[in-house]
Amino acid sequence: IQFLASQQFKEKSKELAGLSAHGLVNGDQKCFSFATETFTGDVGFAVVETTDDAVIIDRLDELLPEIVACKMEKNLSALFLAVVNIVELKGTLLLCGPSELSMAKAAFPDCKVNDAHTMMDLGSRVSRKKDYIPEITKAVKAGWKRPVKRGVSVVDMEALGKLEVDPTDYQRITRRGSVLAVKAGQRFTVDDD
């Protein structure tokens, strides 16, 4: 049974690797609403579970602009994407802007952020229900508020480009013409206040 389960997870991971950034960001995403004295808004939290997290994380510069676009389209205050390695039981949180960076630092103060401020190593935290949302909720209830600096989240909606469906594969949806797309030789970065 264990062997069969591991084979199924490997196949699922291969399938995930072929999904578009839009598919990965929107595939397993939930929204959580908050209303406190310091913050009122909706936080989206997407999760990609895989046996090979490097394949997903290697697409960081494709995923981050799509996270920003989806955040804006859904009018979310913040949107996270956690990439979970289900074999090694480790999580990586993708951070698309100053709000996500600030909230993640408040929720997971012991976790390290990369130099570009776009990824946080969550260690052995792998569950949205048990590990991620309870800590974000605690941070918000403890007084977290959005930073003044909003980064690329203030881009005009028209500049986000258009979603296109591949006529040969209706599950493959890609964004074309977005001003957020990372140009060759550049990296997506987040300003840290």
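Analyst: A residue is called buried when its relative accessible area is under 20%. The model discussed here is predicted.

User: Which residues of α4 meet that definition?

Analyst: In α4, the buried residues are Leu-60, Asp-61, Leu-63, Leu-64, Pro-65, Glu-66, Ile-67, Val-68, Ala-69, Cys-70, Lys-71 and Met-72. With twelve of its 14 residues buried, α4 is mostly covered.

User: How do you know whether the span of helix α4 agrees or disagrees with the expected value?

Analyst: The expected span is 1.5 Å times one less than the number of residues. For the 14 residues of α4 (residues 60–73), this gives 20 Å, and the end C-alpha atoms are 20 Å apart, so the two values agree. Just after the helix, Asn-75 takes a positive phi of about 55°.

User: Why is Asn-85 called buried?

Analyst: The relative accessible area of Asn-85 is 2%, and the cut-off for a buried residue is under 20%; Asn-85 is therefore buried. This residue belongs to strand β3 (residues 78–85).

User: What makes the approach of the Asn-85 side chain to the backbone nitrogen of Val-87 a polar contact?

Analyst: The side chain of Asn-85 reaches that nitrogen at 2.9 Å, and a polar contact requires a pair of N or O atoms within 3.5 Å. The distance therefore satisfies the cut-off. Apart from neighbours within four places in sequence, Asn-85 is in contact with Thr-50, Thr-51, Asp-53 and Lys-90.

User: What makes β3 and β4 a pair of strands?

Analyst: Pairing requires at least two bridges between the strands. β3 and β4 have five, in the antiparallel sense, and therefore they qualify as a pair. Val-84 stands opposite Gly-91 in β4. The hairpin of these strands has four residues between them, and Leu-89 in this hairpin takes a positive phi near 50°.

User: How many bridges join β4 to β6, and in which sense do these strands run?

Analyst: Four bridges join β4 to strand β6 (residues 119–123), and the two run antiparallel. Against the requirement of at least two bridges, β4 and β6 therefore also count as paired. Thr-92 stands opposite Asp-121 in β6.

User: Why is strand β4 described as largely enclosed?

Analyst: Strand β4 (residues 90–94) has five residues, and four of these are buried, so the rest of the structure largely encloses the strand.

User: How many helices and strands does the protein chain contain, and what share of its residues is buried?

Analyst: The protein chain has six helices and eight strands. Of its 193 residues, 44% are buried.

Technical notes
Residues are numbered from 1 along each chain as its sequence is written. This is a predicted model: local features need pLDDT of at least 70, side-chain atom pairs count only at pLDDT 80 or more; totals for chains, interfaces and linings use all residues. Side-chain values use heavy atoms; hydrogens and water are left out. Buried means under 20% relative accessible area, exposed over 50%, partly exposed in between (1.4 Å probe, protein chains only). A polar contact is a pair of N or O atoms within 3.5 Å; within protein, one must be able to donate a hydrogen and the other to accept it, and residues adjacent in sequence count only if both atoms are side-chain atoms. Contact means heavy atoms within 4.5 Å.
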